[in-house]
Amino acid sequence: MKVSDYVLERLRQWEVEHVFAYAGDGINGLLAAWGRADDKPRFIQARHEEMAAFEAVGYAKFSGRVGVCAATSGPGAIHLLNGLYDAKLDHVPIVAIVGQTNRSAMGGSYQQEVDLLSLFKDVASEYCEMVTVPEQLPNVIDRAMRTAAARRTVTAVIIPADVQELDYEPPGHAFKMVPSSLGAAHYAPVPADDELARAAEVLNAGEKVAVLIGQGARGARAEVEQLADVLGAGVAKALLGKDALPDDLPYVTGAIGLLGTRPSYELMRDCDTLLVVGSSFPYTQFLPELDQARAVQIDIDAFMVGLRYPFEVNLVGDARETLTRLLPLLKRKKHDKWRKKIEKDTARWWQVMERRAAVDADPINPEYVVHALDALLPDDVILAADSGSAANWYARHLRMRGTMRGSLSGTLATMGPGVPYVIGAKFAHPDRPALAIVGDGAMQMNGLAELITVSKYWREWDNPRLVVAVLNNQDLNQVTWEMRAMSGAPQFLPSQELPDVPYADFARSIGLDGVRVEKPGDVEGAWRRALEADRPFVVEFRTDPAVPPIPPHASLDQIEAAAASIVKGDSDRVGMIRQGLKAKVQEMLPGGKHREDRPGAGGGA
């Protein structure tokens, strides 16, 4: 048995079923071992190493297991980095296995020689090791797997090409040998009783309780629901926690932040008590004023507590177990004006979303595209959104229910993971439908090539439904609107304008199916066709780039300034857009009035 054979055997012993990878001579030894091992664990061939990493991230996010990716030395290892940073920043367990030049060539400025230990030092800061002798195994593989799972992070194992070809020798019962064992223990840390009592005192004293949950609360759905009932609280969700609680609960206000809802904004603006569970939501300005609310945080990671807000009590522990111990200490509050206002505001928000989706656009309103999808989604669908304006519509128009799952690149907010995420999801759950909503910029950057990966593997999935929805507006739309809103700059066409690409035609050319939609009346039918297809399907919508992703806190002045900067010299178009935006903002404001019509409203709506 060679070292390469043993690496794959150890991965099988860790119950690794898939490795998302791309070939190269730096891992030739491993590739030969895969051939001898009858392709177990399964080698899933991406079109690019970054996509392999993203697919491993999608697999890990939607399976709850460690994702594994592999790449060759030099450029292959470098290509992995963006996907690995996506995993690190979203606290996703990933093990990267990368090749390296032969030991004899190290330090000789050899071809494709890169100092991988230094390169991976940050992204795999919890554990990054190079195997130089066979006896380092199985310890290095075991620690990489165990650390990734326990710390919810990225680890890296670097194996020089010549080491892969050595005969495997296990560590012995001798000096400076490190034997190892399989398995990662499951545990759920909980805070001390006195800390729980302090937290209960804060929450019991409040009259207007707001809860913010993130992905760390996903395993505590029942406990969060019970807590919201006891405290009469409203619950907002960070985007990574969008699937942690269903949106059909009347007190769930939806997403928070730049991509969030107005009820979530007002929940934080008006509360006197804040509880944050399993979230490191970064934008302090969307939380209560710093002297406004008494606050408690629950997080499993001591490194992540105390951030973003001056919390009075920081509880370090598993969300479910901590809430289970906290709930008996809480005093039931009446569902009075506070809770009733939250439910009324939330119900009104969904009405506003429906009206915004109904606004005419040229040719199609992207909000209508996503809003029309909401009622058609299967209750077990797995969703992914790419970064860009598509993420706005995912955040605001799609309501989680049943066993739906959803994610995006939350903290890195990188372009391009939408399609590889759902590919990873299909290997995690081949029996469930998956759907990605991506902009045309992200589709051109990564998604088109990864459709080839879909074409290669889809016949193996129990359920062939994988839908990629492309919002084709020929604009890098999120950046365009950020330029307008932040600096009043008009669209800079050399940087923002995108070529029109026949995405659906390309899908059909490689054995998938697809349709291009250019009229609002065809939107719902296209969604139905895509969701009922017998193979993966690309549905391409020609959407209007002038429909803005309005943040819920935007003032009318900011919106008008953004509208006025759209295209210099096109006064008719600017005037039409300005009036349309005014109408939309009017619907979003309390009481349905313009900001300047409300006495004492001040500067911001």
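Which residues is Asn204 in contact with, once its neighbours within four places in sequence are left aside? The legends below begin with that view and then move around the chain, which is shown here as a predicted model.

**View 1. Asn204 meets a stretch of residues from elsewhere in the chain.** Welcome to the opening close-up, which is centred on helix H8. This helix covers residues 193–205, and Asn204 is found in it. With neighbours within four places in sequence set aside, Asn204 is in contact with Leu329, Leu330, Lys331 and Lys333. To Lys331 there is also a link at the backbone: the side chain of Asn204 reaches the backbone nitrogen of Lys331 at 2.7 Å.

**View 2. The whole chain, for orientation, has 22 helices and 18 strands.** Before going further, it helps to step back. Along the principal axes, the C-alpha atoms fill a box of roughly 80 × 65 × 45 Å. For 605 residues, a compact globule would have a radius of gyration near 25 Å, and the chain agrees because its own value is 25 Å. Of those 605 residues, 56% count as buried. Contacts that reach far along the sequence are plentiful here: taking pairs at least 6 apart in sequence, 74% of the contacts join residues at least 24 apart. The exposed surface comes to about 23900 Å², with carbon and sulfur atoms supplying 51% of it. As for charge, look for 66 positive and 80 negative side chains; the centres of the two sets lie 5 Å apart.

**View 3. Lys40 and Pro41 are joined by a cis peptide bond.** Follow the backbone from Lys40 into Pro41 and you will find omega near 0°. Pro41 is found in a loop, with helix H2 (28–36) on one side and strand S2 (42–45) on the other.

**View 4. A cis peptide bond also runs from Leu137 to Pro138.** Here omega is near 10°. Where does Pro138 sit in the chain? Its place is the loop between strand S5 (128–130) and helix H6 (139–151).

**View 5. Glu15 has a positive phi although it is not a glycine.** The angle is about 65°. To find Glu15, look in the loop that lies between helix H1 (3–13) and strand S1 (18–21). Is Glu15 buried or exposed? With a relative accessible area of 57%, Glu15 is exposed, because the cut-off for that class is over 50%.

**View 6. Gln112 is a residue other than glycine with a positive phi.** For Gln112, phi is near 60°. The loop that holds Gln112 lies between strand S4 (94–100) and helix H5 (116–119). The relative accessibility of Gln112 is 33%, so this residue counts as partly exposed.

**View 7. Val235 is a buried residue of a strand.** Strand S8 spans residues 234–237, and Val235 lies in it. Its relative accessible area is 1%, under the 20% limit, so Val235 counts as buried. What surrounds Val235, leaving aside neighbours within four places in sequence? The residues in contact with Val235 are Val211, Ile213, Ala228, Leu245, Tyr251, Val252, Thr253, Gly254 and Leu267. Ala210 makes a useful landmark too: Val235 and Ala210 are 25 residues apart in sequence, and their C-alpha atoms are 6.2 Å apart in space.

**View 8. Ser389 is found in helix H14, alongside partners from other parts of the sequence.** Helix H14 takes in residues 389–397. Ser389 has a relative accessible area of 9% and is buried. Setting aside neighbours within four places in sequence, Ser389 is in contact with Asn473, Asn477 and Gln478. One of these partners, Asn477, also shares a polar contact of 3.5 Å with Ser389, side chain to side chain. How far apart are the C-alpha atoms of Ser389 and Pro549? Although 160 residues separate the two along the chain, their C-alpha atoms are 6.5 Å apart.

Methods: Residues numbered from 1 in each chain as written. Predicted model: local features only at pLDDT ≥ 70, side-chain atom pairs only at ≥ 80, totals over all residues. Heavy atoms only, no water. Helix = DSSP H or I, 4+ residues; strand = E, 2+ residues; numbered from the N terminus. Polar contact = N/O pair within 3.5 Å; in protein donor to acceptor, adjacent residues only side chain to side chain. Contact = heavy atoms within 4.5 Å. Rg over C-alpha atoms; globule rule 2.2 N^0.38 Å. Buried < 20%, exposed > 50% of the residue type's maximum accessible area, 1.4 Å probe, protein only. Areas by Shrake-Rupley, 256 points an atom, 1.4 Å probe, with all protein chains shown as cover. Lys, Arg positive; Asp, Glu negative; His and termini not counted. Charge placed at Lys NZ, Arg CZ, Asp CG, Glu CD.
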